[in-house]
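Reader: I should like to learn how the features of a model of this kind are to be read, one after another. Could we begin with the pairing of strands and then proceed to the wider architecture?

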Amino acid sequence: MAVKDGPERSLAERKRLGAWYTPDGLAMRIVRRAASLVDGPIRNILDPSSGAGAFLVAAAAIVPGARLCGVDADPLARAACQERAVGAQVVVGDSLLAEDEGGIAWTREFPEAAAAGGFDLVVGNPPWEVLEAAAHQGRHSRRAYADALRRSGAQVFATGAKINLYRVAIVRAFEHLRPGGVLAFVVPGGLLRDASSEDLRAFLLDAGEWSEVWELETGAALFPTAHRELSCCVVFVRKGRPTAQLCVRAAGSGTPVLLDRAVLDRLGAPDRSIPALASEAELDLMARLWRLPKLADCVGGIRKGDVNLTTDRELFCDHPTALALRTGKEIGPYRVPGGPRRWVDPERFGKRAHPERVRVAWRDIADRALRKRMCAAMLPPHSVLADTLNFLVLSGDEAEVAYFVALLNSHVFEWAVRRRSAHNHLGKRIVGPCPVVPYQARDTRCRQIAALATQAEQSAAAAIRADAAVAHHYGLSQADLTLILEGFPKQPYALKEAILGAFDG
Ligand SMILES: C[S@@+](CC[C@H](N)C(=O)[O-])C[C@H]1O[C@@H](n2cnc3c(N)ncnc32)[C@H](O)[C@@H]1O
């Protein structure tokens, strides 16, 4: 194993330490960009979890003469780092805990940076481990560590019983920056759109100038030993004034997109989510779509199924009853292809909201790598929905239900969902703020779309026409629809051509 890969470790040990080292080329690009954003001279550079030193090596090349400071909890990593980043001062210690809880003594270890009011540049890839109180019960050392972090005042932005170490690391890094200094960290992609990261996003937007974010390809390409689905991003924040503009670089071939704060606040509402945007054209389209009403405001509610597949198990039976159990896996676009596999005992189900109406439901879990993720269908009366499905509460007739099935299955709506989507779930928080054209019973196009949705149960051609009709209804141009379809690279070319053909026809 090369020194740059750090000390030889078992997978379990790597997980415990969060020891996934950053490739040299990426560290180089990050340090170069971060250094260009610093206000004033760069004399003191810190990587507070320096591992085998990828960032300090890059810093030595990009800012020659600067003082290089590193901290790592792992003595073996420190040795590897010291060997590579010659001249760096690397300390073994904890950079997340407060000093009186066992953290390193910053002023004593790095007096020059302390005298200068803090570091000019803090770079790195902090540990991403999540400490969960329940999961660590019985494992005294981890529980004690979580308690020490809480006493350190580092529970900021921890959700419930969980402590995400990368969040603590960001807040701590900020404390060690001088005004005008820049923080550049590789962190989980969840920071950009996860509900639980909302407060941290607010912090980054207001405690400093969050000037840039790079979304990276999935983790496996970057960190070969990490999980395939791991998503990551790099954030660049300058300590000082609040954010006025944020530059977003999407993963892959996207071009940088500049978002003014007012636009960001509007498109990211209500949870300050950072939209996934790959070009200025996408921003323009999103800004226009986001003037329409939100789905959540046009329906009576967005709910997760009637029953929990695990905790309500005693309600289910294998023989047919009047109530069919339906799960996410059984739903296809526009239709439910097979008959029910399980049923619900009506006596036990009792007086719970009785599913007497036709409902529009869609799969809650849909892998982000799927070529099409939103999958909605009409569920007949007496279907009991599992919590792997979401449904709309609607007060209108079946035409309204059919209309929303077409809308939710459309590429336009899913394109909007993808701007906000953070993980594999497609629940209320993700889809609720997405734009829709409200249903109006007297509107000819609404009725036309509803009729096509009903035919689409049997006919792929009708599904294509419904998709195109929804795009018209949203007021889109052919160029808009082309751009939207380009956002589905795994969809067959022939299908996209057919939708565009129906749009023009
Ligand atoms: C994701 S690795 C990144 C290392 C290096 N910055 C890089 O990008 O290659 C995280 C490092 O944080 C270290 N670490 C974990 N907890 C720490 C803590 N509380 N204080 C300091 N270092 C810590 C681990 O030993 C590991 O080397």
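**Reading the model**

Author: E1 and E2 pair in the parallel sense, over four bridges. Please bear in mind throughout that this is a predicted model. Within this pair, aspartate 47 stands opposite glycine 70 in E2.

Reader: Which residues of strand E1 are buried on each side?

Author: For a strand, one inspects the two faces separately. In strand E1 (residues 44-47), Asn44 and Leu46 are buried on one side, and Ile45 and Asp47 are buried on the other, so that both faces are covered.

Reader: How is the chain divided into domains?

Author: One begins with the bounds and then turns to the contacts. Domain 1 comprises 3-278 and domain 2 comprises 295-504. Taken over C-alpha atoms, their centres are separated by 39 Å. At the contact between them, 10 residues of domain 1 meet eight residues of domain 2. The side of domain 1 that touches domain 2 consists of six nonpolar, two polar and two charged residues.

Reader: How many residues does the largest nonpolar core have, and which have the most contacts inside it?

Author: The largest nonpolar core has 153 residues, and Ala59, Val235, Val405 and Ala453 have the most contacts inside it. Each of domain 1 (3-278) and domain 2 (295-504) contributes at least three residues to this core. Alanine 453 may serve as an example: leaving aside neighbours within four places in sequence, alanine 453 is in contact with Tyr334, Ala402, Tyr403, Val405, Ala406 and Ala466.

Reader: Tyr334 appears in that list. Where is tyrosine 334 found, and is it buried or exposed?

Author: Tyrosine 334 is found in the loop between E14 and strand E15 (342-344). Tyrosine 334 is buried, because 25 other C-beta atoms lie within 10 Å, and 20 or more suffice for that class. The backbone also deserves attention here: phi of tyrosine 334 is near 75°, a positive value in a residue other than glycine.

Reader: What is the strand order of the open sheet that includes E14 and E15?

Author: One reads the order across the sheet, then the sense of pairing, then the edges. The order of this open sheet of four strands is E13-E15-E14-E18, and the pairing is mixed. Strand E13 (316-317) and strand E18 (383-385) are the edge strands, each pairing on one side only. Strand E14 (residues 323-326) and E18 run parallel and are joined by three bridges. Among the bridge partners, leucine 325 is matched with valine 384 in E18.

Reader: How should one read a helix such as H8, and how many of its 11 residues are buried?

Author: The general idea concerns periodicity. An α-helix has 3.6 residues a turn, so residues three or four places apart point the same way. In helix H8 (residues 165-175), eight of the 11 residues are buried, so the helix is largely enclosed by the rest of the structure. The buried residues of H8 are Leu165, Tyr166, Arg167, Val168, Ala169, Ile170, Arg172 and Ala173. Leucine 165 counts as buried because it has 20 C-beta neighbours inside 10 Å. The C-alpha atoms of leucine 165 and valine 130 are separated by 6.1 Å, although these residues are 35 residues apart along the chain.

Reader: Is glutamate 109 buried or partly exposed, and which residues does it touch?

Author: Glutamate 109 is found in helix H5 (residues 106-109). Glutamate 109 is partly exposed, because 14 other C-beta atoms lie within 10 Å. Not counting residues up to four places away in sequence, glutamate 109 touches Val91 and Ile104. The C-alpha atoms of glutamate 109 and cysteine 69 are 9.3 Å apart, with their positions 40 residues apart along the chain.

Reader: How many residues surround the ligand, and which are the closest?

Author: One identifies the closest residues, then the elements that supply the shell, and finally its chemical character. The ligand is surrounded by 24 residues, the closest being Tyr21, Thr22, Ser49, Gly51 and Asn125. Helix H3 (54-62) and strand E2 (67-72) each supply at least two residues of this shell. In character, the shell divides into 12 nonpolar, eight polar and four charged residues.

Reader: Which peptide bond is cis, and where is its proline found?

Author: The peptide bond from alanine 269 to proline 270 is cis, with omega near 5°. Proline 270 is found in the loop between helix H12 (261-267) and helix H13 (280-289). Arginine 272 is also found in the loop between H12 and H13, and phi of arginine 272 is near 55°, a positive value in a residue other than glycine. Arginine 272 is partly exposed, because 18 other C-beta atoms lie within 10 Å.

Methods
Residues are numbered from 1 along each chain as its sequence is written. This is a predicted model: local features need pLDDT of at least 70, side-chain atom pairs count only at pLDDT 80 or more; totals for chains, interfaces and linings use all residues. Domain bounds come from an automatic or database domain assignment. Two residues are in contact if their C-beta atoms, placed from the backbone, lie within 7 Å. Ala, Val, Leu, Ile, Met, Phe, Trp, Tyr, Cys and Pro count as nonpolar, Asp, Glu, Lys and Arg as charged, and the others, Gly among them, as polar. Two strands pair if DSSP finds at least two bridges between them. A residue is buried if 20 or more other C-beta atoms lie within 10 Å of its own, exposed if 12 or fewer, and partly exposed in between; C-beta atoms are placed from the backbone. A residue is near a molecule or strand if its C-beta atom, placed from the backbone, lies within 6 Å of it. A nonpolar core is a set of buried Ala, Val, Leu, Ile, Met, Phe, Trp, Tyr and Cys residues joined through C-beta atoms within 7 Å.
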